[in-house]
Amino acid sequence: MGAVTIRDVRKNYGSVEVLHGVSIDIADGEFVILVGPSGCGKSTLLRMIAGLEDITGGEIEIAGVVVNDLAPKDRDIAMVFQSYALYPHMTVEENMAFSLRLARVPKDEIKRRVANAAVILGLETYLERYPRHLSGGQRQRVAMGRAIVRNPTVFLFDEPLSNLDAKLRVQMRSEIKLNHQRLKTTTVYVTHDQIEAMTMADRIVVMHSGNIEQIGTPLELYDRPANLFVAGFIGSPAMNIVSGSIAGSSFRFADGTSIQLGSLPAGVVDGPITLGVRPEHLRLDPAGAKAEVVVIEPTGSETQVTLNLGGHDIVGVFRERVSAAPGESIGIAFETSLLHLFDAETGKRILR
């Protein structure tokens with residue numbers, strides 16, 4: 001069983017605490033992604049799971065064994081780094097087999113494991129090539145193959161796609177997800193790219209300043225963000241966040257512009273509140289609130305428009321063609337059943 005349990009884990013560098021009591025339960029075979037901005041502690045946590053960083057407090061358990069004091073080689077994990085870290089003087093086959101040779105695995109078993117990994121990753125015709133003869137995507141496959149042949153209990157990925165171009169990142173996302181479906185090995189993956197997290201993960205752990213903000217499936221985080229940080233971080237383009245006040249069943253901007261919200265959750269009273277609306281939940285409506293067009297960005301299938309409404313710049317994504325020019329006004333309405341409300345002081349979600 002490859003379950004990973006992280007209990008109240010803390011990390012200090014001198015007097016500075018960078019992880020503040022993190023707890024996560026990762027099921028056997030689950031694909032969990034740690035996501036957050038630079039400096040949030042996600043890579044530090046991954047390195048602590050791997051044994052590359054000491055644990056200041058708390059426990060990390062892999063497959064039922066507390067590994068706090070175990071060396072990395074004794075944790076039955078395999079790690080894929082942002083840099084491919086391939087040996088330039090070794091062929092693809094030699095790179096993939098190297099760790100097995102160090103472990104004195106029999107030659108026939110090494111050959112079998114490398115051949116199987118090569119088939120999974122589409123590297124059968126590249127085994128005799130050297131890293132310098134490979135593309136970036138092929139090198140990343142070799143790095144993954146080197147991890148796969150070890151048949152570990154847990155795979156750890158530290159921003160493995162950051163060095164690839166945009167098109168190749170999309171391709172490699174699909175390949176990593178497909179390989180996980182084949183191998184069903186517990187995987188912990190770190191990225192700052194929320195699109196990677198949304199498209200690949202079974203569950204996402206959103207981190208910020210050494211704390212966990214929310215854990216959930218991609219759609220849970222997208223549809224019901226727990227607070228303003230998650231709301232603004234998950235989704236591209238980001239959720240529009242505007243401050244204003246509730247008056248009856250209306251939301252009023254600072255300049256007096258108002259929109260109807262429909263029915264409100266129990267307990268919501270008139271007063272300051274923060275409203276969130278995703279760009280795709282705006283719609284064109286000639287009878288709606290008037291918003292000034294700031295920038296129009298046609299992408300073909302959609303048109304992304306930056307608008308000024310009630311003194312706030314907001315972004316709308318529309319399937320329809322938008323013919324208005326910058327400086328002109330258009331009518332827009334919000335999909336009121338899909339709006340998000342947050343407490344003006346705490347930033348926490350108001351249940352809706």
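Two strands pair if DSSP finds at least two bridges between them. Keep that rule in mind as you work through these exercises on a predicted model.

**Exercise 1. Which residue of β5 is the bridge partner of Ile62, and how many bridges join β4 to β5?**

*Solution.*
Step 1. Find Ile62, then look across to β5: the bridge partner there is Val65.
Step 2. Count the bridges between strand β4 (residues 57-62) and β5: there are two. Two bridges are enough for the strands to count as a pair, because the rule asks for at least two.
Step 3. Check the directions: β4 and β5 run antiparallel.
Step 4. Now widen the view. An open sheet of four strands has the order β2-β1-β4-β5, with antiparallel pairing. At its edges are β2 (16-26) and β5 (65-66), each pairing on one side only.
Step 5. Add the helix: α1 (residues 42-50) lies across β1 (4-13), β2 and β4, and runs at about 115° to β1.

**Exercise 2. Describe the six-strand sheet: what is the strand order, and which strands are at the edges?**

*Solution.*
Step 1. Start with a reminder: strands of a sheet pair through backbone hydrogen bonds, either parallel or antiparallel.
Step 2. Read off the order of this open sheet, which is β6-β7-β8-β3-β9-β10, with mixed pairing.
Step 3. Go to the two ends: β6 (77-80) and β10 (211-216) are the edge strands, and each pairs on one side only.
Step 4. Follow the twist, which averages 15° from one strand to the next.
Step 5. Take one pair as an example. Strand β3 (residues 31-35) is joined by four bridges to strand β9 (residues 203-208), and the two run parallel. Within β9, Val205 stands opposite Leu34.

**Exercise 3. Is strand β14 largely enclosed or largely open, and why?**

*Solution.*
Step 1. Use the cut-off: a residue is buried when its relative accessible area is under 20%.
Step 2. Apply it to β14 (residues 271-277). Six of its seven residues are buried, so the strand is largely enclosed by the rest of the structure.
Step 3. Look at one partner: strand β11 (residues 240-247) pairs with β14 in the antiparallel sense over seven bridges.
Step 4. Look at another partner: three bridges join β14 to strand β19 (residues 340-342), again running antiparallel.
Step 5. Let Gly276 link the picture together. This residue of β14 stands opposite Ile241, and Gly276 also stands opposite His340 in β19.

**Exercise 4. How do α2 and α3 pack: at what angle, and with their axes how many Å apart?**

*Solution.*
Step 1. Recall what to look for: two packed helices are described by the angle between their axes and the distance between the axes.
Step 2. For helix α2 (residues 92-102) and helix α3 (residues 107-121), the angle is about 135° and the axes are 10 Å apart. That makes α2 oblique to α3.
Step 3. Add the handedness: the crossing of α2 and α3 is right-handed.
Step 4. List the contact residues. From α2 come Glu93, Met96, Ala97, Leu100 and Arg101, and from α3 come Ile110, Lys111, Arg113, Val114, Ala117 and Ala118.
Step 5. Sort them by class: the contact of α2 with α3 has seven nonpolar, no polar and four charged residues.

**Exercise 5. Describe the packing of α4 and α5, then place Gln140 in the picture.**

*Solution.*
Step 1. The axes of α4 and helix α5 (residues 166-183) come within 11 Å and cross at roughly 20°. That makes α4 roughly parallel to α5.
Step 2. The crossing of α4 past α5 is right-handed.
Step 3. Among the contact residues are Gln140 and Met144 of α4, and Met172 and Ile176 of α5. By class, the contact of α4 with α5 has six nonpolar, five polar and two charged residues.
Step 4. Zoom in on Gln140, which lies in helix α4 (residues 136-148). With 0% relative accessibility, Gln140 counts as buried.
Step 5. Leaving aside neighbours within four places in sequence, Gln140 is in contact with Val80, Phe81, Gln82, Tyr84, Pro160, Leu161 and Met172. Gln140 and Phe81 are 59 residues apart in sequence, yet 9.2 Å apart in space, C-alpha to C-alpha.

Definitions and conventions: Residues are numbered from 1 along each chain as its sequence is written. This is a predicted model: local features need pLDDT of at least 70, side-chain atom pairs count only at pLDDT 80 or more; totals for chains, interfaces and linings use all residues. Side-chain values use heavy atoms; hydrogens and water are left out. Axes are lines fitted to C-alpha atoms, for helices over the stretch in contact, and angles run from 0 to 180 degrees between N-to-C directions. Angles under 35 degrees count as roughly parallel, over 145 as roughly antiparallel, 65 to 115 as roughly perpendicular and the rest as oblique. A crossing is left-handed if the near helix is turned anticlockwise from the far one by less than a right angle, and right-handed if clockwise. Contact means heavy atoms within 4.5 Å. Ala, Val, Leu, Ile, Met, Phe, Trp, Tyr, Cys and Pro count as nonpolar, Asp, Glu, Lys and Arg as charged, and the others, Gly among them, as polar. Buried means under 20% relative accessible area, exposed over 50%, partly exposed in between (1.4 Å probe, protein chains only).
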